[in-house]
Amino acid sequence: MTDARIIDGKAVAASVRDEISSRAAGLLDAQGIRPGLAVVLVGEDPASQVYVRNKDRTAEACGFNSIKHTLDAATPEADVLALVETLNNDPAVHGILVQLPLPKHIDESKVLRLIKPEKDVDGFHPVNVGLLTTGERDHALVPCTPAGSLVLLKRTLGDTLSGQNAVVVGRSNIVGKPMASLLLQESCTVTVAHSRTRDLPDVVRAADIVVAAVGRPEMIRGDWIKPGATVIDVGINRVPAPDLGEGKNRLIGDVAFDEAVQHAGAITPVPGGVGPMTIAMLMANTLTAARRQLGLPEETPLF
Ligand SMILES: NC(=O)C1=CN([C@@H]2O[C@H](COP(=O)(O)OP(=O)(O)OC[C@H]3O[C@@H](n4cnc5c(N)ncnc54)[C@H](OP(=O)(O)O)[C@@H]3O)[C@@H](O)[C@H]2O)C=CC1
Ligand SMILES: Nc1nc(=O)c2c([nH]1)NC[C@@H]1CN(c3ccc(C(=O)N[C@@H](CCC(=O)O)C(=O)O)cc3)C=[N+]21
């Protein structure tokens, strides 16, 4: 079989960012307002610092105001809640993202529930989760990683998702569950697999579409992939790469890429697949949030 088509997440993300930049320029012209994104980082997890810097840079590049709040790892929960409340009440802030995971002494769901749903650009608030699962996606803010994954699927497969067997491996609130909701809404036949799933290889073998969000490097093997299937690898795993030099790391996905590429019809790489899309969709959500807060009409959805 010929090798799979490689889905270029970097290129699609660049086109989404261009579209959002031009829409933001339009908003600035018409209303004199820039979308405002506030990112809250508690603690000094190096991977989180990289993502947060990336979000900050991309927001600036799209013509947004970006405000970064970096708090000490030992910050009391009450102080984090107070910051969220301040951002909720700041009319220049249209989107709030609290980087996860939070330190253990902070109740994650308490923080997420406090974010105003209309500023919840991660789409993690129960109001947005509810809108997504009841099929009112167009009134919700949809989690960025699943939204970005769906954009890649639609750009790859066109309007042919209906009726396809989709298997989502992973059931987190951030990726697996919202991904399953989106695919169900697209009329896929959706299976959600997790650590208690029996015969996972056979479950995956039935899939026309595989979304891997497990957090286990290269767990999904090539011979699990149905010939011609589309594979979206959400996993971001930092593993030691002594071949690059002492103490060096590299990023790899949850799918054994070199094997899967020989079976799949199309596959996302890591890096350069879903990751850049996540950040692009965060910009899209922030612009959507800003327009809604200003009472402006919805623009054409990106997916
Ligand atoms: N590209 C991007 O933008 C993003 C990438 N990620 C990456 O995606 C991956 C998943 O993230 P996230 O959803 O937050 O992770 P979580 O750890 O929250 O969830 C992992 C899921 O995988 C399941 N799982 C674990 N081991 C197995 C196994 N052996 N077989 C089958 N299922 C298993 C777990 O099952 P159970 O529920 O039973 O424990 C769980 O549902 C990570 O690599 C993360 O870094 C995450 C967010 C954004
Ligand atoms: N509240 C919250 N929202 C999130 O969306 C969120 C979060 N917390 N916590 C952590 C995860 C992870 N995540 C990524 C974003 C971008 C890349 C990304 O840009 N990846 C690049 C590579 C980046 C690199 O080189 O490190 C790529 O895959 O090509 C990866 C992962 C968002 N997350």
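The following paragraphs describe helix packing, ligand surroundings and some notable backbone features in a predicted model.

Helix 10 is a good place to begin, and its partnership with helix 1 comes first. Helix 1, spanning residues 9–31, packs against helix 10 at an angle of about 15 degrees, and the two axes lie 8 Å apart. The two helices are therefore roughly parallel to each other, and their crossing is left-handed. On the helix 1 side, the contact is made by Gly9, Lys10, Val12, Ala13, Val16, Arg17, Ile20, Arg23 and Ala24. Helix 10 contributes Val274, Gly275, Pro276, Met277, Ile279, Ala280, Met283, Ala284 and Leu287. Sorted by class, the residues of this contact comprise 13 nonpolar, two polar and three charged.

Helix 10 also packs against helix 2 (residues 46–61), here at an angle of about 50 degrees and with the axes 10 Å apart. That angle makes helix 2 oblique to helix 10. The crossing of this pair is right-handed. Asn54, Lys55, Thr58 and Ala59 of helix 2 meet Ile279, Leu282 and Met283 of helix 10. Four nonpolar, two polar and one charged residues make up the contact between helix 2 and helix 10. Ile279 and Met283 of helix 10 thus appear in the contact with helix 1 and also in the contact with helix 2.

Helix 10 features again around the ligands. Ligand 1 is surrounded by 25 residues, of which Gly170, Ser172, Ser195, Gly215 and Thr278 are the closest. The largest share of this shell, three residues, comes from helix 10, which covers residues 274–293. In terms of class, the shell around ligand 1 holds ten nonpolar, twelve polar and three charged residues.

Around ligand 2 there are 19 residues, the closest being Tyr51, Leu100, Pro271, Gly275 and Thr278. Helix 2, strand 4 (95–98), helix 6 and helix 10 are the elements that each give two or more residues to this shell. Helix 10 provides the largest share here too, with four residues. The shell around ligand 2 has twelve nonpolar, six polar and one charged residues. Thr278 is listed among the closest residues to ligand 1 and among those closest to ligand 2.

Two cis peptide bonds involve residues already met around ligand 2. Leucine 100, one of the closest residues to ligand 2, is joined to proline 101 by a cis peptide bond with omega of about 0 degrees. Proline 101 sits in the loop between strand 4 and helix 4 (108–114). The peptide bond from valine 270 to proline 271 is cis as well, with omega near -5 degrees. Proline 271, also among the closest residues to ligand 2, belongs to the loop between strand 11 (266–267) and helix 10.

Other loops deserve a look for their backbone and surroundings. Serine 187, in the loop between helix 7 (176–185) and strand 6 (189–193), has a positive phi, near 65 degrees, although this residue is not glycine. Serine 187 counts as exposed because 11 C-beta neighbours lie inside 10 Å. Glutamate 218 likewise has a positive phi, near 55 degrees, and is found in the loop between strand 7 (209–212) and strand 8 (230–233). Glutamate 218 is buried, with 21 other C-beta atoms within 10 Å. Glycine 163 lies in the loop between helix 6 (144–157) and strand 5 (165–169), and is exposed, with 10 other C-beta atoms within 10 Å. Between glycine 163 and aspartate 208, 45 residues apart in sequence, the C-alpha to C-alpha distance is 9.8 Å.

Note on methods:
Residues numbered from 1 in each chain as written. Chains lettered and ligands numbered in written order. Predicted model: local features only at pLDDT ≥ 70, side-chain atom pairs only at ≥ 80, totals over all residues. Buried ≥ 20, exposed ≤ 12 C-beta atoms within 10 Å, placed from the backbone. Near = placed C-beta within 6 Å. Nonpolar A, V, L, I, M, F, W, Y, C, P; charged D, E, K, R; others polar. Axes fitted to C-alpha atoms, helices over the stretch in contact; angles between N-to-C directions. Parallel < 35°, antiparallel > 145°, perpendicular 65-115°, else oblique. Left-handed = near helix turned anticlockwise from the far one by under 90°. Contact = placed C-beta atoms within 7 Å.
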